[in-house]
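This note sets out some remarks for a colleague who is examining the model at the bench. Please read the points below alongside the sequence and the coordinates.

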Amino acid sequence: MRLLYLTDTHIRGTTPQNRRDNFPEALKAKLREVVRLANELEVHAVLHGGDFFDLPNPTLQVCAEFLEILRGLEAPLYVVAGNHDLFGQNPESLGRTMLGFLARLGWLRLLAPGEPVYLEAEGVRVQLTGQHFHYDLDRRDPVHDYVVRKRSCDVAIHMVHGMLVERPFFPGACCTVVERIAATEADYTLSGHAHLGFGDICLNGRYFINPGALARLTVLPGELERTPQVVLLDFGGPAPHHRRIPLASAAPGREVLDRSRLLVSAFREEKLARFVQVVRESGGLEALALDQIIAAIAERHGVEEEVRQEALRRLALAHETLAAGEGENRVRETGNH
Ligand SMILES: [Mn+2]
């Protein structure tokens with residue numbers, strides 16, 4: 001029983017300003033390699049940690065080009081939705097997004113909170129659960145989103161598109177520190193969202209893994225050195241084990257990222273740079289401007305939960321309406337993760 005994990009592919013048809021190469025072509029090469037690896041390793045499922053697409057409504061052209069590659073996968077694809085897959089970062093919009101559409105067609109399988117999927121092969125039973133991105137993730141008690149129970153299985157895996165970190169970027173940062181979810185019974189907690197990833201963390205024999213994004217969109221110092229990679233989980237031996245596989249098709253960060261964009265921020269105070277990094281990684285400037293304003297107003301004026309939810313719902317609808325009007329050839333630089 002083997003599984004392959006990857007995250008944050010940010011499929012899009014345009015090249016971000018920070019890239020010096022042709023981003024869609026580079027991403028296609030990486031996805032071809034992922035498909036080849038998955039098939040050669042004969043994995044039983046491929047797991048995707050979210051931000052499958054860079055926008056909730058990619059064009060049909062972009063979709064077709066990338067899905068043509070991914071349909072080469074011989075194993076089923078399980079996905080949790082990332083903030084970029086959703087309108088207004090609202091999971092209630094999932095049914096109207098391209099990711100939701102593909103799930104309806106049975107093209108991929110979306111993992112829903114509280115609905116475990118069981119995979120069985122070679123005498124090993126795996127419990128698979130997932131938590132898509134939502135606005136309160138990493139803000140409310142992380143137990144709701146990260147802690148799962150292991151039931152009648154050999155190995156439990158939980159995927160979350162959340163800002164799981166080893167230690168906070170700074171006090172009060174919107175993130176979830178691994179230690180706070182040590183009560184989980186998942187043998188493997190797989191996260192994405194934080195594009196730089198982190199080294200494997202093992203607590204009480206349980207692993208917390210974020211291999212980093214497959215796509216490199218921003219020029220953070222760590223991004224210049226990082227090699228996009230996938231994780232192979234292998235439950236065939238006497239004990240579960242895993243290894244990271246760096247993608248051979250990924251060019252060095254220094255070749256594909258525009259370093260002049262790093263220099264701009266290098267002159268600023270470290271604190272500001274870190275703040276910008278956190279803002280970007282926690283959902284982007286759009287979120288800061290809109291979602292967080294709603295949250296701030298709701299908190300300050302004691303607005304009822306129902307009203308806050310309605311405001312967030314309308315925000316998602318507005319985002320969807322705006323996105324629909326952007327047309328086929330938009331070039332959008334969201335700058336977030
Ligand atoms: Mn992302």
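The points below concern salt bridges and a nonpolar surface patch in what is a predicted model.

1. Salt bridges overall. A search of the whole structure returns 17 salt bridges. The pairs discussed here are among them, and each is described with the setting of its two side chains.

2. The pair Asp-187 and Lys-150. These two residues form a salt bridge whose closest N and O atoms are 2.9 Å apart. Asp-187 belongs to the loop between β9 (176-177) and β10 (188-191), while Lys-150 belongs to the loop between α4 (143-146) and β7 (155-160), so the contact ties together parts that are 37 residues apart in sequence.

3. Exposure of that pair. Asp-187 has a relative accessible area of 17% and is classed as buried, because buried means under 20%. Lys-150, with a relative accessibility of 29%, counts as partly exposed. The bridge thus has a buried acidic partner and a partly exposed basic partner.

4. The pair Glu-310 and Arg-314. The side chains of Glu-310 and Arg-314 meet in a salt bridge with an N to O distance of 2.8 Å. Both residues lie in helix α11 (residues 305-324), and because they are 4 residues apart, about one helical turn separates them. Glu-310 is partly exposed at 28% relative accessible area, whereas Arg-314 is exposed at 54%.

5. A salt-bridge network. Elsewhere, Glu-25, Lys-28 and Glu-65 are joined into one network by salt bridges that share partners.

6. The pair Glu-166 and Arg-167. A salt bridge also links the side chains of Arg-167 and Glu-166, with 3.9 Å from N to O. The cut-off for a salt bridge is within 4 Å, so this distance satisfies the criterion. Arg-167 counts as exposed, with 57% relative accessibility, and Glu-166 counts as partly exposed, with 43%.

7. A nonpolar surface patch. Which residues make the nonpolar surface patch of about 310 Å²? The patch is made by Ile-293, Ile-297, Val-303 and Val-307. Of these residues, Ile-297 lies in helix α10 (residues 291-300). Ile-297 is partly exposed, with a relative accessible area of 45%; patch residues must have over 30%, so Ile-297 meets that condition.

8. Points to check in the display. The reader may wish to view the bridge between Asp-187 and Lys-150, the bridge between Glu-310 and Arg-314 within helix α11, and the patch that includes Ile-297.

Key. Residues numbered from 1 in each chain as written. Predicted model: local features only at pLDDT ≥ 70, side-chain atom pairs only at ≥ 80, totals over all residues. Heavy atoms only, no water. Patch = residues over 30% accessible without salt bridge, like charges linked within 9 Å, V, L, I, M, F, W, Y side chains within 5 Å. Areas by Shrake-Rupley, 256 points an atom, 1.4 Å probe, with all protein chains shown as cover. Helix = DSSP H or I, 4+ residues; strand = E, 2+ residues; numbered from the N terminus. Buried < 20%, exposed > 50% of the residue type's maximum accessible area, 1.4 Å probe, protein only.
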